[in-house]
Structures are given as C-alpha cells and as structure tokens.
Amino acid sequence: MPKKKRAGVSTWVDPDDAPALTDEFFAKAEIKDGVRLIRRGRPPLAEAKRQVTLRLDPDLLDRLRATGPGWQTRVNKALRDWLKKQAA
C-alpha cells in the first residue's frame, strides 16, 4: 500500500519548468480594464430575438429540422415573408 502524504506538504516545482507563453495562450486570455472583464466576440444586438414556445405538428417539425442547421432562421424568414404578403 502506498505511503500517505503528510497534510500540507507539497512538492517543489522549479519555476523554470513553467510552460512557455504561446500566442495560443494569449488568444484565450481574458482582457480586463481594472476589474471589469471586456467581452470579445459579437456585440449584443440592439433588437435581440426573443424566445417563444410554439407547438407544431410532429410531422411539420420533423420536416423543418430535416432541412439541417439554420432551420429556425429559415422559419423566421418564412413567417416574415408571409406577413409581408398579408399586409399587401
């Protein structure tokens, strides 16, 4: 049976053995202004879409999902086009 380590005892690590700081490391780093985290990526939309609950027939939902990724965006466009036709 292996010998149990004493509490509070850690092994010394040579600081020269630290990994090199690569471009990949800095690409994943957080950017802060003081204590405030600066978010990267797409800024929030002024008119963000809202989530709704909608009940659809199973066969209709299956056919929509079968069209592949982006099916919800295509449904949104189809509804918008239908509303434009109704207004005309």
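**Exercise 1. P2 at the start of the chain**

Task: Classify P2 as buried or exposed, then place P2 in the chain.

Solution.
- Step 1. This is a predicted model.
- Step 2. The relative accessible area of P2 is 73%. The cut-off for exposed is over 50%. P2 is therefore exposed.
- Step 3. P2 sits in the segment before α1.
- Step 4. Take R74 as a distant partner in sequence. P2 and R74 are 72 residues apart along the chain, and their C-alpha atoms lie 61 Å apart in space.

**Exercise 2. P19 in the segment before α1**

Task: State where P19 is found, and how far P19 is from K77 in space.

Solution.
- Step 1. P19 belongs to the segment before α1, a helix covering 23-27.
- Step 2. Its relative accessibility is 69%, so P19 counts as exposed.
- Step 3. The C-alpha atoms of P19 and K77 are 49 Å apart, with a sequence separation of 58 residues.

**Exercise 3. The overall fold**

Task: Decide which pattern the chain follows, and whether the chain is a compact globule or more spread out.

Solution.
- Step 1. Count the elements: three helices and two strands.
- Step 2. Read them along the sequence. The order is α-β-β-α-α.
- Step 3. Compare the radius of gyration with the globule rule. The chain has 27 Å, and the rule gives 12 Å for 88 residues; 27 Å is well over that, so the chain is more spread out than a compact globule.
- Step 4. Look at the extents. The C-alpha trace spans about 75 × 45 × 25 Å along its principal axes.
- Step 5. Check burial. Of the 88 residues, 2% count as buried.
- Step 6. Add the surface. The chain exposes about 9800 Å², and 56% of this comes from carbon and sulfur atoms.

**Exercise 4. The aromatic pair**

Task: Find how many aromatic pairs the whole structure holds, and classify the geometry of F25 and F26.

Solution.
- Step 1. A search of the whole structure returns one aromatic pair.
- Step 2. The ring centres of F25 and F26 are 5.2 Å apart. The cut-off for pairing is within 6.5 Å.
- Step 3. The ring planes meet at 85°. Planes over 60 degrees apart count as edge-to-face. The F25 and F26 pair is therefore edge-to-face.
- Step 4. Check exposure. F25 has 44% relative accessibility and so counts as partly exposed. F26, at 48%, counts as partly exposed too.

**Exercise 5. Charges and salt bridges**

Task: Give the charge count of the chain, then find how many salt bridges the structure holds.

Solution.
- Step 1. There are 20 positive and 12 negative side chains. The centres of the two sets lie 7 Å apart.
- Step 2. A search of the whole structure finds three salt bridges. The cut-off is within 4 Å, nitrogen to carboxyl oxygen.
- Step 3. Take K28 and E24. Their closest N and O atoms are 3.3 Å apart. K28 is exposed at 63% relative accessibility. E24 is exposed as well, with a relative accessible area of 52%.
- Step 4. Take R36 and D33. The N to O distance in this bridge is 3.8 Å. R36 is exposed, at 51%. D33 has 48% relative accessibility, so D33 counts as partly exposed.
- Step 5. Take D81 and K77. The closest N and O atoms are 2.9 Å apart. D81 is partly exposed, its relative accessible area being 30%.
- Step 6. Ask why D81 and K77 are separated by about one helical turn. Both are in helix α3, and they are four residues apart, so about one turn separates them.

**Exercise 6. A66 between two helices**

Task: Locate A66, classify A66 as buried or exposed, and state how far A66 is from N76.

Solution.
- Step 1. A66 falls in the loop that joins α2 (58-65) and α3 (71-87).
- Step 2. At 64% relative accessibility, A66 counts as exposed.
- Step 3. N76 is ten residues from A66 along the chain, and 16 Å separates their C-alpha atoms.

Methods: Residues numbered from 1 in each chain as written. Predicted model: local features only at pLDDT ≥ 70, side-chain atom pairs only at ≥ 80, totals over all residues. Heavy atoms only, no water. Rg over C-alpha atoms; globule rule 2.2 N^0.38 Å. Buried < 20%, exposed > 50% of the residue type's maximum accessible area, 1.4 Å probe, protein only. Areas by Shrake-Rupley, 256 points an atom, 1.4 Å probe, with all protein chains shown as cover. Lys, Arg positive; Asp, Glu negative; His and termini not counted. Charge placed at Lys NZ, Arg CZ, Asp CG, Glu CD. Phe/Tyr/Trp six-rings, centres within 6.5 Å; stacked < 30°, edge-to-face > 60°. Salt bridge = Lys/Arg side-chain N within 4 Å of Asp/Glu carboxyl O.
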